Amino acid sequence: MTRKLLCAAILCAALLTASRLGAANPPEWTQPFPPFKIAGNLYYVGSADLAAYLIATPKGNILINSNLESSPAQIRQSIEKLGFKFSDTKVLLISHAHFDHCAGSAQILKITGAKYEVMDADVPVVQAGGRNDFNYAAQKDLWFPPVHVDRVLHDGGSVALGGTVLTAHKTAGHTKGTTTWTLDETNGGRPLHVVIVGSPNVNPGYKLVGNTAYPQIADDYRHEFQVLQSLPCDIFLGAHGAYFGMKGKYERWKAGDRSAFLDPNGYKRYIADREQAFEAEFRRQSAGH
Ligand SMILES: [Zn+2]
């Protein structure tokens, strides 16, 4: 594990512990971040760590992730700063059914009238506001406003709008319906495969062995790593900026490097690192430590 990844993993663990104890969320989650164009019609509209993506099309826009209950105003500002209308949001998608990626959905759907499209196994959790989450059901501070899902997605399903097609890959484990989104962009005539990783992380307290609330959790993680390894990736993105080193890449982007987010090797390294972390945790739990 590189030092950077180790820091990110420790940070994630610390953050989840902090929020479980009812402490304030980490500042990066709410810190504003300048919106910017990643490639083609794909834009970053999230905070300093909680990623949100806008895909602008002639028929309206797709938004991936609504983040915290307090995030919609910030996401709206970012969208408007880029010159788009918040009310043109036609479809809302999420990375997975945890409060830091979907708690803002109720408000965004109410304001925009967008359609909420969610992976099948995350639907019950989204509609119950996290009260039936396999790991966090008893932790009220991680609940979020329950929202009706308009369209249930399945593995390999697509979301199409105005000529853009996104593919929903079920990469479960972190939640039962964690979704990795892929789409293709072009840059100067060159096709670019975009991967937005849903989450390959094992949170503190996750039971990988003998989990009665989620018996197939370990199999799902292993399947996820197979899927992630099989996806062609030029532009590496994810649910948190920390997954793909967003801040460093953005600094390069700001300095004029428009290929800053092209990182096929970084993607492979990240997936390999997360798989190793999963297997190490699985071995630790299997040995009864
Ligand atoms: Zn999560």
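Is Asn-67 buried or exposed, and what is its relative accessible area? In this predicted model, Asn-67 is buried, with a relative accessible area of 2%. The residue belongs to the loop that runs between strand S4 (60–64) and helix H3 (72–81). Its phi is near 60°, a positive value in a residue other than glycine.

A second residue invites the same kind of description. Ser-199 is not a glycine, yet its phi is positive, at about 160°. This serine sits in the loop between strand S11 (190–197) and helix H7 (217–230), and it is buried, with a relative accessible area of 0%.

**The open sheet**

Seven strands form an open sheet in the order S1-S2-S3-S4-S5-S6-S7, and the pairing is mixed. Strand S1 (36–39) and strand S7 (151–153) are the edge strands, each of which pairs on one side only. From one strand to the next, the twist averages 25°. Strands of a sheet pair through backbone hydrogen bonds, in either a parallel or an antiparallel sense.

Strand S6 (residues 115–119) and S7 run parallel and are joined by three bridges. Within this pair, Val-118 has Val-152 of S7 as its bridge partner. Side chains also link the two strands: Arg-151 and Glu-117 meet in a salt bridge of 2.7 Å, N to O. Because Arg-151 lies in strand S7 and Glu-117 in strand S6, the pair ties together parts that are 34 residues apart in sequence. The two partners differ in their exposure class, since Arg-151 is partly exposed, with a relative accessible area of 31%, whereas Glu-117 is buried at 4%. Lys-115 also takes part, being linked with Glu-117 and Arg-151 in a network of salt bridges.

**Strands S10, S11 and S12**

Strand S10 (residues 179–187) is joined to S11 by seven bridges, and the two strands run antiparallel. Their hairpin has two residues between the strands, and Gly-188 in this hairpin takes a positive phi near 60°. S11 also pairs with strand S12 (residues 235–238), here in the parallel sense and over four bridges.

Ile-196 of S11 appears in both pairings. Trp-181 stands opposite Ile-196 in S11, and Ile-196 in turn stands opposite Leu-237 in S12.

**The zinc site**

Which residues are the protein donors of the zinc ion? They are His-96 through NE2, His-98 through ND1 and His-174 through NE2, lying 2.1 to 2.2 Å from the ion. The spacing of the donor residues in sequence is H-x1-H-x75-H. Both His-96 and His-98 are buried.

**A buried glutamate in helix H7**

Glu-224 lies in helix H7. This residue is buried yet has no salt bridge. Arg-274 is the nearest side chain of opposite charge, 10.0 Å away from Glu-224; the cut-off for a salt bridge is 4 Å. Leaving aside residues up to four places away in sequence, Glu-224 touches Thr-171, Ala-172, Ser-199 and Pro-200. One of these contacts, Ser-199, is the loop residue described above with a positive phi of about 160°.

**Salt bridges**

How many salt bridges does the structure hold? The structure holds eleven salt bridges, among them the following.

| Residues | N to O distance |
|---|---|
| Arg-151 and Glu-117 | 2.7 Å |
| Arg-252 and Asp-257 | 3.1 Å |
| Lys-254 and Glu-251 | 3.9 Å |

Lys-254 and Glu-251 both belong to helix H8 (residues 246–254), where they are three residues apart, about one turn of the helix. Lys-254 is exposed, with a relative accessible area of 53%, while Glu-251 is partly exposed at 46%. The salt bridge of Arg-252 and Asp-257 involves two partly exposed residues: Arg-252 has a relative accessibility of 41%, and Asp-257 has one of 26%.

How values were computed:
Residues numbered from 1 in each chain as written. Predicted model: local features only at pLDDT ≥ 70, side-chain atom pairs only at ≥ 80, totals over all residues. Heavy atoms only, no water. Buried < 20%, exposed > 50% of the residue type's maximum accessible area, 1.4 Å probe, protein only. Pairing = 2+ DSSP bridges. Axes fitted to C-alpha atoms, helices over the stretch in contact; angles between N-to-C directions. Donors = N, O, S within 2.8 Å, 3.2 Å for Na, K, Ca; no water. Lys, Arg positive; Asp, Glu negative; His and termini not counted. Contact = heavy atoms within 4.5 Å.
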